[in-house]
Amino acid sequence: TSNAQRRGAGVGHDYTQVQDTIIDTSICQLTLDQINDLIAQRLQFKKLRDFEASDALQKQLSEEHGIDINDRDKVWRADGVGFNAQRRGDDTERDENRGSGIANR
């Protein structure tokens, strides 16, 4: 896999596969080209302001193919780790520290 492919260069989107991750074929059976095509299609829906279609495609990518997308950082991964678990951990920590005088990071 070339660096250009990992960055989505020339495939209709500017999302990058998270560095040092693999596509876990036990979770995701799509090829890199298929993943890039679906991410580009989702981005096109967003540009057309068809958020229902964009959200449906993101749900399909996640639930059917194990591909997690982080729009804020414009990265994706298909290694089974995901971004949601990291965010849930951050939220839990914030909730536990609420009212304790401990500042959020």
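Trainee: How many helices and strands does the protein have?
Mentor: The protein has four helices and three strands. Helices (H or I, at least four residues) and strands (E, at least two) are DSSP runs, numbered from the N terminus. This is a predicted model, in which local features need pLDDT of at least 70 and side-chain atom pairs count only at pLDDT 80 or more, while totals for chains, interfaces and linings use all residues. Residues are numbered from 1 along each chain as its sequence is written, and side-chain values use heavy atoms, with hydrogens and water left out.

Trainee: What pattern do they follow along the sequence?
Mentor: Read along the sequence, the pattern is α-β-α-α-β-β-α.

Trainee: What pLDDT does the protein average?
Mentor: The average pLDDT, the predictor's confidence in each residue from 0 to 100, is 79. A score of at least 70 is reached by 70% of the residues.

Trainee: And where is the pLDDT below 50?
Mentor: Residues 87-105 have a pLDDT below 50, and this stretch has five contacts in the model beyond near neighbours in sequence. Contact means heavy atoms within 4.5 Å. The pLDDT also stays under 50 over residues 1-8, for which the model has 21 contacts beyond four places in sequence. Where pLDDT is low, the predicted coordinates should not be read in detail.

Trainee: Turning to the interior, which residues touch the most other members of the largest nonpolar core?
Mentor: They are Ile35, Ile67, Ile69 and Trp76, in a core of 14 residues. A nonpolar core is a set of buried Ala, Val, Leu, Ile, Met, Phe, Trp, Tyr and Cys residues joined through side-chain atoms within 4.5 Å. Buried means under 20% relative accessible area, exposed over 50%, and partly exposed in between (1.4 Å probe, protein chains only).

Trainee: Which elements give two or more residues to this core?
Mentor: Those elements are H2 and helix H3 (51-65). H2 gives the most, with five residues.

Trainee: What does Ile67 touch?
Mentor: Not counting residues up to four places away in sequence, Ile67 touches Cys28, Leu30, Ile35, Leu61, Ser62, Trp76, Arg77 and Ala78.

Trainee: Arg77 is on that list; is Arg77 buried or exposed?
Mentor: Arg77 counts as buried because its relative accessibility is 10%. This residue is found in strand S3 (residues 75-77). The side chain of Arg77 makes a polar contact with the side chain of Asp79 at 2.8 Å. A polar contact is a pair of N or O atoms within 3.5 Å; within protein, one must be able to donate a hydrogen and the other to accept it, and residues adjacent in sequence count only if both atoms are side-chain atoms.

Trainee: What about Arg42, buried or exposed?
Mentor: Arg42 counts as buried, since its relative accessibility is 3%. Arg42 lies in helix H2 (residues 32-47). Beyond four places in sequence, Arg42 touches Tyr15, Ser54, Leu57, Gln58, Leu61, Ile69 and Asp71.

Trainee: A change of topic: which residue other than glycine has a positive phi?
Mentor: One of them is Arg49, with phi near 65°. Arg49 is found in the loop between H2 and H3 and is exposed, with a relative accessible area of 64%. Asp20 also has a positive phi, of about 65°, although it is not a glycine.

Trainee: Where does Asp20 lie?
Mentor: Asp20 lies in the loop between strand S1 (16-17) and H2. Asp20 is exposed, with a relative accessible area of 72%.
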